[in-house]
Amino acid sequence: MGSAQLIGLMAFTLSLGIVGLIIVNERFRPFLALFIVLINSVLSSFPALMSFTSGPQSGVLNLPHLAGDIGIRIDSLSAWFILIINFTSIMGVLNGTGYLKSYRHLKVNQELHWVFYVLFHVSMLWVCMFEHGIAFLVAWELMSLSSMMLVIFESHNKSILKAGINYMIQMHLSVVLLTLGFVFLYVNTGTFNFSGLALLPLGPHWIWIFILLFAGFAIKAGFIPFHTWLPHAHPAAPSHISGVMSGVIVKLGIYGIFRIIMYLRTDWLIFGEVILALSVVTAIYGIANAALRTDFKQMLAYCTIENIGIIGIGLGIGLIGIGNNNQMMVMLGFCGALLHTLNHSLFKSLLFFGAGSIYQQTHTRNIERLGGLIKKMPITAGLFLIGALAIGGIPPFNGFVSEFIIYTGLFKGLIGFQGVSQAILLILSITGLVIVGGMSLATFTRTFGVIFLGTPREELPHEPHETSHIMLLPQFLIVAAMLSVAFIPQFYFSYAGKVVSSSFATAFSGIPVSFTPVTDTVTNIGRMALIFIMLIIVMYGIRRLLVRKRASVTYETWGCGYVAPVKKAQYTGKSFNRSFGLLFNFIVKERKTIEKIPKTQIYPSRVNFSTSYIDILDHYIVSPLAKRLTFALNYFQFIQNGRIQSYVLYGLFFIILVFLGTAFSFIY
Amino acid sequence: MVSLLLIFIMSLFFSGFIIRTKSILSGRKGPGLFQPMLDIFRLWKKGSVISQTTSFIFQIAPSAYFASVIMAILMIPHGNNPGLISFDGDFIMFAYVLAFGKFLMIISALDTGSSFEGMGASREALFSMLVEPAFFILLGSFALFTGQSSFHQIFSTLHYGSQISYLLGGLASFVLVMIAMIENSRMPLDDPKTHLELTMVHEVMILDNSGFDLGLIMYTTNLKFAMYGAIISNFFIGMFPYEISIPMFFIIQIGFAIAVGIIESFMARFRMGHNPQFVFILTSVSLLIFFGVLLVLGKFV
């Protein structure tokens, strides 16, 4: 089957599926959606797997009535992302089936939700398949719009609608930049294909095309200062959608960046150093914000920014490696980035699914109102703990594997450094990555501890209990996948290596370096993880054996002599990370709101005091900019007057304009 | 294997040496060198009181903490003799394995639902975050210095050529001593002997642990001290055969213990708010080492 037929078949399944979803009984709708996602996953996974074994699969789509051939190319890089998308999307449907059960009253929304979910899945796959710029942009736009519709599932809620619109605007900013980039590319090379980037004449223009495309993809990926959509969109979306968005959509930004740097022909060093520095700052900025948020879904959203930073560090190392002619660095950097992409999609969707279970049971996203959930929801707690350990990059879980590879890349780069400035950049990057690791430890001990441990801090609307099996099933499957990465990393590493060596073939064309030592080290990491787990089990076994016969009394927590403990006196999430907040107040500002007591007031009455943390980039740069823009654009409000007649007139004007434009083209 | 045995032996006496030094400096005779270990043995035989707020995490954490330190010790070489586990980049795993133990201890403190223990947990998380960069910059500098990237290779190829490199060794020992003090929550940051819960760090985290678990945690502290002592000693014993390196190992370890005792006798605990500044000093000292290495390599031209 050719790639063009594949696209056709997917479009066919999709349209049939959408019709089916509309007419089918609401009880079967999630299962039909699962079925459609499964079919499309199988359809797309075949060529993806083939591209690993027998080289890139390419084809040409020839649509009737449309000029030009649309190139399709599924190489190993696309394949890597296609497989991640398929796995996460299937898990998302499974989890969503359970999650949306509590929204039975929103019938129309559910119907739309599943329709857009299948569309979303297919459009993401198409993003990875299209080689032709315009088709790519269409798929990209379909993906942005359908995900926006998924975000605003609870559309009756004003704040959610606002978050959705914010998301849509920022995504279109990204599309504008990308479109400009592609048009620029077409003007310079006469082709819309990505591979045209390799043909660019090295004049004064070529760097701007890369910068435009990079900025467009960076908005999707959430590099600062383009990250501001993430912390709004993720908490607003239903949890399974946040899981898929954070796990996959932001990764497509990474895919785009990967795709363009493949075609970079010169100046790797400066690109690498800029990406590396930007990524370190992104990671620190993300985790500093995550450490202080009390909304756990927002915390996870900021944590996504942190992980994008870590992936970016990998990309930066790889590029510096090409510039330094250090093949080891190229391999380690890019493989680390790819593996971290995979790992992050696994544990972040796991954590978001867990967060969804908590939200479903407690109806709050504020960690300060929770506590002691481990007794009520032990399985969710255990799964969340595994996710928390993995995302902190702590062995014996999968996050460590990719962070280890990135660290090794940094150290290898440091050993073979060229120039003092590079050495300083690398050591500072190592420091940044270490600080990020330490802060994510603080963030996730706090999140896990405050949500699940201790005693409940507040009376909840109803007693929480363990969630349904259908919501737990995908979480177990994800944990299984995570453990497979943790214990046999060499398997995943070898595939990532294939992607890197085929994508950056020019970097490996010189004297080939043997990568067996690296593969051995990666194999070792898996073995060490296994040894470590065994060691813990043995120690715990010995301890249990020894204390079995000892007297053990259950008593209240030691209150330092105070015998009437108060639930409210427990350490809160805010107090846990307050000292971090003080240290990092140049990144995350604390804002206190105090109601002033009027001077004339004689008797004391109730006064409110609240504190919150603000994201300085959002608050001081992006929001004021948006406000100014709205102010200026308000003058053009007369254009949007709601009269259909004038809209028709605008259409006429536009046609005349285009006509005149072509009529006068001889001037150009 | 050699280093594992030596560290185990040293861990039995380490806190004995500290306590002896402190006693002598304050004009007392002090308990025997093995007394702290006897206390721990006593604890191991005792039953325990467990808070009803806690879950399985509270039960697992001490054993996992102990296991994480053992795993870290397995990676430490003894001069030319590699640790049981030795591979390229093992010091990264070393730091992260220790982080695993810390993670579990922190959540086990939160598991009790006590406000004091949460306070200790918060401080532990903060200080361990701040101290980690110093360790990595230090190892990064020596990786650059020797061109190797595993504990064993770094230490076995470490040669002192010029005066500056001796200075680097000295600074590195200083940084490691301070890291050990912070990781074990000892004097300039935290006073383990204080009786006010509000000012403690590590001790307050384990308020609710008792019996076997408490003994395990206390022994793990000793092991951690001996582990850092072993890393310090590795900076100096790289090129010697066993008959010199093993006595040197013990001399350096005992010197380290005495230094800890002296610091604890003559220094007061810092105010909690000043601690982050102090910890940052370590990072800057390790940056100094890094620049020193660049200087030795002759790249600063």
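This section describes the fold of chain A, its contact with chain B, and selected local features in a predicted model.

Chain A comprises 23 helices and 5 strands. Its radius of gyration is 26 Å, close to the 26 Å that the globule rule gives for 668 residues, and chain A is therefore as compact as a globular protein of that length. The C-alpha trace of chain A extends over about 90 × 70 × 55 Å along its principal axes. Of the 668 residues of this chain, 54% count as buried. When contacts in chain A between residues at least 6 apart in sequence are considered, 80% of them join residues at least 24 apart.

The interface between the two chains brings 63 residues of chain A into contact with 63 residues of chain B. On the side of chain A that touches chain B, two or more residues are contributed by each of α13 (373–376), α15 (398–415), α16 (420–452), α19 (516–547), β3 (552–555) and α21 (578–583) of chain A. The greatest contribution to this side comes from α16(A), which provides 15 residues. Classified by residue type, the side of chain A that touches chain B consists of 40 nonpolar, 18 polar and 5 charged residues.

Strand pairing also links the two chains. β3(A) pairs with strand β1 (residues 48–51) of chain B in the parallel sense, over 4 bridges. Within this arrangement, Y555(A) has S51(B) as its bridge partner in β1(B).

In chain B, helix α9 (residues 211–237) was examined for its length and its burial. This helix has 27 residues and reaches 39 Å from its first C-alpha to its last, close to the 39 Å expected at 1.5 Å a residue. Of the 27 residues of α9(B), 24 are buried, so the helix is largely enclosed by the rest of the structure.

A contrasting environment is found at N634(A), which is exposed. N634(A) lies in the loop between α22 (616–633) and α23 (644–663) of chain A. The assignment of N634(A) as exposed follows because 9 other C-beta atoms lie within 10 Å, where a residue counts as exposed if 12 or fewer such atoms are present. With respect to T294(A), N634(A) is 340 residues away in sequence, and the C-alpha to C-alpha distance between N634(A) and T294(A) is 36 Å.

Note on methods: Residues numbered from 1 in each chain as written. Chains lettered and ligands numbered in written order. Predicted model: local features only at pLDDT ≥ 70, side-chain atom pairs only at ≥ 80, totals over all residues. Contact = placed C-beta atoms within 7 Å. Nonpolar A, V, L, I, M, F, W, Y, C, P; charged D, E, K, R; others polar. Pairing = 2+ DSSP bridges. Expected span 1.5 Å × (residues − 1). Buried ≥ 20, exposed ≤ 12 C-beta atoms within 10 Å, placed from the backbone. Rg over C-alpha atoms; globule rule 2.2 N^0.38 Å.
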